[in-house]
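Here are some exercises to work through with the model open beside you. Try each task on your own before you read its solution.

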Amino acid sequence: MNPDAGGYDLLANRQVPDLVPEQVERFTVEALRAKPVRSFDPQAALHRLRAGGEKTVIAVDIGGDKLIALSYNIRDGLLLQLAEVLARRGDGGSAYLDGLEEVANLARRKTLSVGISFAGPTDGTKLLAGPNLPVFTAELHDRCGGDFAGLFPAVAVANDAEAGIMARAVGAAKRYPETPNGNYVVHGSGLGGGGLTDNMIFAAEPGHIQVEPRLNPFGQHKSCGMDGATYVCIELVAASKAGVEDIWLQQKGKRLNGKEIAAKYLAGDHMALDLYENSALVTAHAIKGMARAFGLPKDFDGTVVVGHGGIFEVPGYPKRVCSILGKDLPTVPRMLFTKDFSTNACLDGAAIAAATKREPDTAQ
């Protein structure tokens with residue numbers, strides 16, 4: 001398929017829209033549920049990874065539409081993926097917990113630390129909520145009190161955006177040691193994010209900010225659900241699975257996955273074009289809004305914005321996000337996309353969390 005034809009070209013040639021001020025203003029520390037979750041010095045972490053000797057850990061990425069666990073060998077600061085330990089899919093996470101018990105048994109037998117990246121808010125090793133994983137969330141609370149430490153003898157847990165920030169920050173420490181701050185956008189089945197400033201990682205839930213009606217052109221009507229919220233949130237109009245795929249099903253009466261909708265977009269399908277156009281516009285709001293809430297410089301000086309998730313692999317999508325931000329900001333922010341330096345930044349971050357955990361818990 002020629003990426004320079006069809007939807008890709010049409011999206012690039014569309015007039016660049018303005019940001020909606022009212023939407024940007026919705027991004028506050030309170031609305032983002034932002035909280036400092038981890039002191040993290042990227043240069044120090046890189047040094048520890050290089051100086052810690054060779055070790056093997058297990059990294060787990062628990063997302064809204066899949067769970068994957070890989071073993072990692074860490075040597076000289078490099079994260080080397082060894083083998084797939086587990087891969088599961090299940091509606092609402094219905095098959096996840098049994099799979100994690102298998103991983104936990106392996107970790108005990110081989111005395112391995114485990115790092116977990118979870119698509120939802122966490123507190124230490126505890127899961128606070130999982131709007132896209134109601135079955136798994138309920139099962140973990142029933143069996144383990146919602147605490148991953150009840151499964152694993154040595155575990156480090158991070159929100160997926162937090163894990164992604166750690167992976168991005170370590171990668172950037174190698175490439176751009178002078179760049180201390182960053183936003184991170186998780187844009188797969190849901191839309192999450194976080195920030196790193198002054199060596200402190202802030203977890204946030206940008207996907208659950210209420211969407212302005214002008215940014216909901218297809219009339220998405222589902223409720224957010226986070227903390228019982230009944231409004232429509234930006235995740236439900238901008239994320240790949242929760243937004244683009246769901247709206248396509250509502251409008252067309254047929255379920256397609258992201259790759260299938262992207263193929264229609266590349267072929268010039270007008271609805272697919274409009275879906276990705278609006279998604280890119282909302283994502284630009286999330287990036288600017290998070291930077292505003294975290295107090296990052298208005299010109300994004302010293303800031304790297306990293307996009308993660310399958311939607312950023314759609315041809316033309318990253319460039320569209322950059323174009324929208326470039327129209328609004330004095331300079332276009334320095335942007336990286338995890339596909340350019342990692343196959344899965346959340347897994348890499350989970351591996352880093354496991355490898356740099358100072359005092360692993362003893363066996364239960």
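## Exercise 1: The whole protein

Buried residues account for 57% of the 364 residues in the protein. The model you are looking at is a predicted one.

**Task.** Find out whether the radius of gyration of the protein agrees with that of a compact globule.

**Solution.**
- Step 1: Start with the expected value. A compact globule of 364 residues would have a radius of gyration near 21 Å.
- Step 2: Now take the value for the protein, which is 20 Å. The two agree, so the radius of gyration fits a compact globule.
- Step 3: Add the dimensions. Along its principal axes, the C-alpha trace spans about 55 × 45 × 40 Å.
- Step 4: Add the building blocks. The protein contains 12 helices and 13 strands.
- Step 5: Look at the contacts. Of those between residues at least 6 apart in sequence, 71% join residues at least 24 apart.

**Task.** Describe the accessible surface and the charges of the protein.

**Solution.**
- Step 1: The accessible surface comes to about 15,000 Å², and carbon and sulfur atoms hold 48% of it.
- Step 2: There are 38 positive and 42 negative charges, and their mean positions lie 2 Å apart.

## Exercise 2: A glutamine in a loop

**Task.** Locate Gln 220, decide whether it is buried or exposed, and list its contacts.

**Solution.**
- Step 1: Find the place. Gln 220 sits in the loop that runs between strand S11 (200-204) and helix H7 (235-238).
- Step 2: Check the accessibility. Buried means under 20% relative accessible area. Gln 220 has 4%, so it counts as buried.
- Step 3: List the contacts beyond four places in sequence. They are Val 232, Leu 236, Val 237, Ala 242, Asp 246, Ile 247 and Gln 250.
- Step 4: Take one of these partners, Val 232. Its C-alpha is 7.2 Å from that of Gln 220, with their positions 12 residues apart in sequence.
- Step 5: Look for a polar contact. The side chain of Gln 220 reaches the backbone oxygen of Leu 236 at 2.9 Å.

## Exercise 3: Two residues of one helix

**Task.** Compare the exposure of Ser 279 with that of Arg 292, and find a backbone oxygen that each side chain reaches.

**Solution.**
- Step 1: Ser 279 lies in helix H10 (residues 270-293), and Arg 292 is in helix H10 too.
- Step 2: Ser 279 has a relative accessible area of 0%, so it is buried. Arg 292 has 43%, so it is partly exposed.
- Step 3: A polar atom of the Ser 279 side chain lies 2.7 Å from the backbone oxygen of Ala 238. The side chain of Arg 292 reaches the backbone oxygen of Phe 27 at 3.1 Å.
- Step 4: Beyond four places in sequence, Ser 279 is in contact with His 187, Ala 238, Val 244, Ile 311 and Tyr 317. With the same limit on sequence neighbours, Arg 292 touches Val 24, Glu 25, Phe 27 and Thr 28.
- Step 5: Finish with C-alpha distances. Ser 279 and Ala 239 are 40 residues apart along the chain and 7.0 Å apart in space. Arg 292 and His 141 are 151 residues apart in sequence and 35 Å apart in space.

## Exercise 4: Positive phi angles

**Task.** What is the phi of Arg 33, and what is the phi of Asp 76?

**Solution.**
- Step 1: Phi of Arg 33 is near 55°, a positive value in a residue other than glycine. Asp 76 is not a glycine either, and its phi is positive at about 55°.
- Step 2: Arg 33 is in the loop between helix H2 (21-25) and strand S1 (35-39). Asp 76 is in the loop between strand S3 (67-75) and strand S4 (78-88).
- Step 3: Exposed means over 50% relative accessible area. Asp 76 has 53%, so it is exposed. Arg 33 has 28%, so it is partly exposed.

## Exercise 5: A buried histidine

**Task.** Which residues does His 208 touch, not counting residues up to four places away in sequence?

**Solution.**
- Step 1: His 208 is placed in the loop between S11 and H7.
- Step 2: With 3% relative accessibility, His 208 counts as buried.
- Step 3: The residues it touches are Arg 33, Pro 131, Cys 224, Met 226, Tyr 231, Cys 233 and Glu 235.

Note on methods
Residues are numbered from 1 along each chain as its sequence is written. This is a predicted model: local features need pLDDT of at least 70, side-chain atom pairs count only at pLDDT 80 or more; totals for chains, interfaces and linings use all residues. Side-chain values use heavy atoms; hydrogens and water are left out. Helices (H or I, at least four residues) and strands (E, at least two) are DSSP runs, numbered from the N terminus. Buried means under 20% relative accessible area, exposed over 50%, partly exposed in between (1.4 Å probe, protein chains only). Contact means heavy atoms within 4.5 Å. A polar contact is a pair of N or O atoms within 3.5 Å; within protein, one must be able to donate a hydrogen and the other to accept it, and residues adjacent in sequence count only if both atoms are side-chain atoms. The radius of gyration is taken over C-alpha atoms; the globule rule is 2.2 Å times the number of residues to the power 0.38. Accessible areas come from the Shrake-Rupley method with a 1.4 Å probe; for residues, only the protein chains shown count as cover. Lys and Arg count as positive and Asp and Glu as negative; His and the chain ends are not counted. The place of a charge is taken as NZ of Lys, CZ of Arg, CG of Asp or CD of Glu.
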